[in-house]
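These are my notebook entries on a structure that I went through one query at a time. I put down what I looked up and what came back.

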Amino acid sequence: MFGLIDAVAFYARVEKVFDPTIRNKPVVVLTNNDGCICAVCPMARELGIPKFIPYFKIKSFLAKHNVVIRSSNYELYADLSERMMNVIARYSDRHYVYSIDESFLHFRNFTCIDDWHEYGHVIRKAVWRETRLPVGVGFGSTLTLAKAANHASKKLSGFDGVAVINDEDSRKEILSRMSLTDVWGIGSKLGKRLSILGLKNGWDLANQSPKSMKGQFGVVVERTVNELNGMPCLNWDEIGQDKKEIFSTRSFGQRVTNEHALKAALSSHASIVAKKVRRQCSLIKRLVIFASNSPHDDNYYKKSVIYEFPVATDNTLKIVTAISFVFDSIYMAGVMFYRCGVGAIELENSQFQQQDMFNVTVNNPQLMKYYDKVNYRYGSGAIEVAVAEKSDKWAMRRNFLSPSYTSKWSEIPKIIC
Amino acid sequence: MKVIPVYIEAGISGFESPAAEYKELNLSLEDLLLQHPNATFFGLANGRSMEGRGIFDGDVLVVDRAEHVSNDSVIVANFNGCFVCKIIDTDKALLLSASDEHKPISISAADSFQIEGVVNVSFRLHKKLPTLLSCLA
């Protein structure tokens with residue numbers, strides 16, 4: 001049996017955990033730089049506030065309805081996420097954290113459980129009790145069915161936070177009430193193409209012939225069809241597969257025109273990418289470096305350059321140096337830069353490297369190991385490449401930030417005695 | 001993972017410490033004070049109504065959400081949108097103070113009330129740290 005557990009409106013809900021004054025109010029959370037709405041609590045959803053709408057467009061509506069606005073408090077979300085995952089981990093023998101608020105479970109030695117519905121509630125109650133976060137729990141015989149059951153547990157009427165697909169009836173009931181794009185792995189484009197064939201919901205998709213699906217849409221859809229029929233195709237190891245591209249990009253809190261400031265920002269993104277690349281034991285072969293002003297500006301300016309490393313590397317110093325090589329072709333005086341970023345678009349595995357007798361060693365695993373260790377121990381940014389010096393200008397704008405209730409002693413909640 | 005570091009001794013390097021075999025992990029305050037680390041948060045006491053139970057203004061409360069609540073437990077609750085620390089009387093649905101100057105508060109259906117956790121531990125810094133007090137401001 002597989003399970004998928006995820007939190008309901010995680011960011012918005014976390015904001016309520018340590019702030020009793022907003023527990024019964026509609027809450028929305030804004031993205032980086034307070035740009036768009038990225039999370040709405042159920043109360044805010046009832047007001048009809050859509051996700052991903054720019055904040056300035058809905059500002060007066062929010063004020064009219066006394067909606068509480070928060071900037072993304074990543075320090076707090078990371079802590080609550082870890083606590084939630086630790087509680088969930090107690091209930092299965094294998095567990096994979098899929099995202100900040102989602103976790104897959106695999107039950108291999110759990111033959112003793114005969115009522116999965118009840119077991120789901122046991123997990124739900126424990127997470128609620130210990131972290132005050134509401135979660136949806138879905139069980140199924142494949143990862144895709146577990147994901148479908150999880151969807152049902154939260155979105156379909158008649159379910160109370162737990163859904164189980166363990167027989168034909170439950171499978172048919174849930175899949176026939178799911179739209180195609182609610183099925184894991186079916187994006188909006190694929191959904192459109194499938195609907196042209198006359199398919200309407202997940203159950204229709206499950207009843208297609210896997211062979212013909214493979215012919216028309218490729219092996220991914222074939223696997224999805226099999227998974228929807230209870231045949232496990234997705235390997236447990238595959239859900240945790242390494243990322244094929246890694247990006248670090250952000251818009252500036254204030255526009256940047258200065259050459260050095262832009263270079264510092266790009267260098268800082270480069271070192272973030274390098275860190276993430278090392279974490280999954282990859283090496284960067286190709287890097288894309290870009291910067292732009294806003295598409296709403298009069299003269300839209302966007303420059304993006306690809307840099308190829310002669311030898312793939314995970315060395316922060318080499319990766320930051322690449323920025324200097326291409327910087328002159330990106331920067332233009334007079335442009336008010338709004339956004340920039342760096343992305344590793346071609347990665348290689350560091351364990352299987354084809355060596356070349358003319359290669360000069362560019363990697364310095366020992367230095368990078370200690371670089372990462374120091375930053376882990378003393379907080380990221382403790383050691384930084386000098387050119388990536390931080391500046392307030394491009395720090396995130398977070399005007400509605402809640403306190404770091406669990407990570408700073410000066411911000412722990414006040415309790416009236 | 002808790003590991004006791006043991007250093008390998010090689011070569012001619014004098015005598016091994018006779019105490020080496022007896023080395024243990026150092027004391028950890030977290031081990032002592034936190035029963036359920038995942039379910040625990042800290043808060044700062046503000047007010048004097050719990051002095052009879054040894055909780056003074058400016059003390060740090062260790063609030064455990066996983067701990068069982070029973071009659072007469074010291075709890076932290078969300079009472080009408082405010083975190084309060086009181087003694088719970090589960091029989092009569094009262095929030096009691098540990099001080100003569102504060103009357104019992106009865107919890108009615110009109111109140112918004114949720115128990116957040118149990119306070120089995122609180123501690124006091126006899127020399128106040130400015131960082132801690134700044135959240136009372």
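Entry on B:Asp111. I began by asking whether this residue is buried or exposed, and I noted that the relative accessibility of B:Asp111 is 21%, so it counts as partly exposed; I keep in mind throughout that the model is a predicted one. The cut-off matters here, because buried means under 20% relative accessible area. I located B:Asp111 in the loop between β6 (105–106) and β7 (113–123) of chain B. Leaving out residues up to four places away in sequence, I listed B:Phe79, B:Asn80 and B:Ser106 as the residues that B:Asp111 touches. I also looked up B:Asp91, which lies 20 residues from B:Asp111 in sequence and 17 Å from it in space, C-alpha to C-alpha.

Entry on chain B. I then stepped back to the chain that holds this loop, and recorded 2 helices and 7 strands for chain B, arranged along the sequence as α-β-β-β-β-β-β-β-α. Of the 137 residues in chain B, 35% are buried. Among the contacts in chain B with a separation of 6 or more, I found that 54% join residues 24 or more positions apart.

Entry on cysteines. I searched the whole structure for disulfides and got 0 over all chains. Why does B:Cys82 have no such bond? Its closest cysteine sulfur belongs to A:Cys417 and is 11 Å away, which is too far for a bond; B:Cys82 is partly exposed, with a relative accessible area of 32%. I made the same check for A:Cys36, whose closest cysteine sulfur, in A:Cys38, is 8.8 Å away and therefore also too far. A:Cys36 counts as partly exposed at 25% relative accessibility.

Entry on a sheet in chain A. I traced an open sheet of 4 strands, in the order β9-β12-β10-β11 (chain A), and noted that the pairing is antiparallel. Because β9 (246–256) and β11 (302–313) of chain A stand at the edges with a single partner strand each, one side of each has no neighbour in the sheet. Neighbouring strands of this sheet are turned against each other by 15 degrees on average, direction ignored. For the pair of β9(A) with β12 (residues 337–349) of chain A, I counted 7 bridges in the antiparallel sense, and in β12(A) I identified A:Arg339 as the bridge partner of A:Ser251. Helix α14 (residues 316–330) of chain A lies across β10 (282–292), β11 and β12 of chain A, and runs at about 145 degrees to β11(A).

Entry on two helix pairs in chain A. I found helix α1 (residues 10–17) packed against helix α4 (residues 74–89) of chain A at an angle of about 95 degrees, with the axes 10 Å apart, so α1(A) and α4(A) are roughly perpendicular to each other. The residues of this contact divide into 9 nonpolar, 1 polar and 1 charged; they include A:Phe10 and A:Tyr11 in α1(A), and A:Leu80 and A:Met84 in α4(A).

For helix α13 (residues 259–279) and helix α15 (residues 365–378) of chain A, I noted axes that come within 11 Å and cross at roughly 105 degrees, which means that α13(A) is roughly perpendicular to α15(A). Here A:Ser271, A:Lys275 and A:Arg278 in α13(A) meet A:Met368, A:Tyr371 and A:Asp372 in α15(A), and I recorded the division of the contact residues as 2 nonpolar, 1 polar and 3 charged.

Note on methods. Residues numbered from 1 in each chain as written. Chains lettered and ligands numbered in written order. Predicted model: local features only at pLDDT ≥ 70, side-chain atom pairs only at ≥ 80, totals over all residues. Heavy atoms only, no water. Pairing = 2+ DSSP bridges. Axes fitted to C-alpha atoms, helices over the stretch in contact; angles between N-to-C directions. Contact = heavy atoms within 4.5 Å. Parallel < 35°, antiparallel > 145°, perpendicular 65-115°, else oblique. Nonpolar A, V, L, I, M, F, W, Y, C, P; charged D, E, K, R; others polar. Disulfide = S-S within 2.5 Å. Buried < 20%, exposed > 50% of the residue type's maximum accessible area, 1.4 Å probe, protein only.
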